[in-house]
Amino acid sequence: MKLEKKTTRQLSIAVGLLSFGAFVVQGLGDIWGFAAVAKQLTSTALLFAGGVNVYFLGVTNQKI
């Protein structure tokens, strides 16, 4: 799958923000006492971020 440079950059930013959001939720979950819910939200967010990273931003794009 060939993506434009702009699209790749936007996906990379989105994955970074999603990962940072998961980090914040995990930290606040421990502080505010909803650690179990925070763990579930963090795992889900990182699963989506990893999937997008592997499928769109990984080595699936080959240059000719």
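Helices (H or I, at least four residues) and strands (E, at least two) are DSSP runs, numbered from the N terminus. This is a predicted model: local features need pLDDT of at least 70, side-chain atom pairs count only at pLDDT 80 or more, and totals for chains, interfaces and linings use all residues. Residues are numbered from 1 along each chain as its sequence is written, and side-chain values use heavy atoms, with hydrogens and water left out.

**View 1. The whole chain has two helices and zero strands.** Of its 64 residues, 11% count as buried (buried means under 20% relative accessible area, exposed over 50%, partly exposed in between, with a 1.4 Å probe and protein chains only). About 5200 Å² of the chain is exposed, and carbon and sulfur atoms supply 67% of that; accessible areas come from the Shrake-Rupley method with a 1.4 Å probe, and for residues only the protein chains shown count as cover. Take the contacts (heavy atoms within 4.5 Å) with a separation of 6 or more: 64% of them are between residues 24 or more positions apart.

**View 2. Here is helix α1, with its 28 residues.** From first C-alpha to last, α1 reaches 40 Å, close to the 40 Å expected at 1.5 Å a residue (the expected span is 1.5 Å times one less than the number of residues). Its buried residues are Val15, Ala22 and Gly29, and what covers them includes α2. Gly21 lies in α1 too, and it is partly exposed, with a relative accessible area of 29%.

**View 3. Now for α2, a helix of 23 residues.** α2 reaches 31 Å from its first C-alpha to its last, close to the expected 33 Å. Ala38, Thr42, Ala45 and Ala49 are its buried residues, with α1 among what covers them. Look for Thr42 and Gly21: they sit 21 residues apart along the chain, and 8.3 Å separates their C-alpha atoms.

**View 4. Between α1 and α2 there is a loop, and Phe34 is found in it.** Just after α1, Gly33 takes a positive phi of about 90 degrees. Phe34 counts as partly exposed because its relative accessibility is 31%.

**View 5. Ile31, Trp32, Phe34, Val37 and Leu41 make a nonpolar surface patch of about 550 Å².** Patches are made of residues with over 30% relative accessible area and no salt bridge, with like charges joined within 9 Å and nonpolar side chains (Val, Leu, Ile, Met, Phe, Trp, Tyr) within 5 Å. A salt bridge is a side-chain nitrogen of Lys or Arg within 4 Å of a carboxyl oxygen of Asp or Glu. Both α1 (5-32) and α2 (35-57) supply at least two residues of the nonpolar patch.
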